[in-house]
Amino acid sequence: METELLGSAAYVLDAAKSLFDEPGAGKRELRFAGVRLAEALGDALRIAVSRGARLPEG
């Protein structure tokens, strides 16, 4: 599951970067990209917290 979420986040990031390079990108497209980026960041943070919880103490 982690691999799929991180792969999706990488795809969203790549697509958003391309969109941000487009001078004619509209408000709706930029908002959509922002929402997807926020979702991907939330997934990445959950993965990081989960991985941290699995680390041994000390």
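**Packing of helices H1 and H2**

Threonine 3 is located in helix H1 of this predicted model. With a relative accessible area of 69%, threonine 3 is exposed, because exposure is assigned over 50%. Its C-alpha atom lies 26 Å from that of arginine 31, and the two residues are 28 places apart in sequence.

Helix H1 comprises 19 residues, from 2 to 20. A rise of 1.5 Å a residue predicts a span of 27 Å, and the end C-alpha atoms of H1 are indeed 27 Å apart, so the expected and computed values agree. Within H1, the residues Ala9, Val12, Ala16 and Leu19 are buried. These four cover an arc of only 90 degrees around the axis, and therefore lie on the same side of H1. An α-helix has 3.6 residues a turn, so residues three or four places apart point the same way. The other side of H1 carries exposed residues, namely Thr3, Tyr11 and Asp14.

The buried residues of H1 pack against helix H2, which runs from residue 27 to residue 54. Helix H2 has 28 residues; the distance from its first C-alpha to its last is 41 Å, close to the 40 Å expected at 1.5 Å a residue. In H2, the buried residues are Ala33, Ala40, Asp43 and Ile47, and H1 is included in what covers them.

Two packed helices are described by the angle between their axes and the distance between the axes. The axes of H1 and H2 come within 9 Å and cross at roughly 150 degrees. This angle makes H1 roughly antiparallel to H2, because angles over 145 degrees are placed in that class. The crossing in which H1 passes H2 is left-handed.

Contacts between the two helices involve Glu2, Leu5, Leu6, Ala9, Val12, Leu13, Ala16, Leu19 and Phe20 on the H1 side. On the H2 side, the residues that meet them are Glu29, Leu30, Ala33, Arg36, Leu37, Ala40, Asp43, Ala44, Ile47, Ser50, Arg51 and Arg54. Among the contacting residues of H1 are Ala9, Val12, Ala16 and Leu19, which are buried. The contacting residues of H2 include Ala33, Ala40, Asp43 and Ile47, likewise assigned as buried.

Arginine 46 also belongs to helix H2. Its relative accessibility is 53%, and arginine 46 therefore counts as exposed. The C-alpha atoms of arginine 46 and glutamate 2 are separated by 9.5 Å, although these residues are 44 residues apart along the chain.

Terms used:
Residues are numbered from 1 along each chain as its sequence is written. This is a predicted model: local features need pLDDT of at least 70, side-chain atom pairs count only at pLDDT 80 or more; totals for chains, interfaces and linings use all residues. Side-chain values use heavy atoms; hydrogens and water are left out. The expected span of a helix is 1.5 Å times one less than its number of residues. Buried means under 20% relative accessible area, exposed over 50%, partly exposed in between (1.4 Å probe, protein chains only). The arc is that of the directions from the helix axis to the C-beta atoms. Contact means heavy atoms within 4.5 Å. Axes are lines fitted to C-alpha atoms, for helices over the stretch in contact, and angles run from 0 to 180 degrees between N-to-C directions. Angles under 35 degrees count as roughly parallel, over 145 as roughly antiparallel, 65 to 115 as roughly perpendicular and the rest as oblique. A crossing is left-handed if the near helix is turned anticlockwise from the far one by less than a right angle, and right-handed if clockwise.
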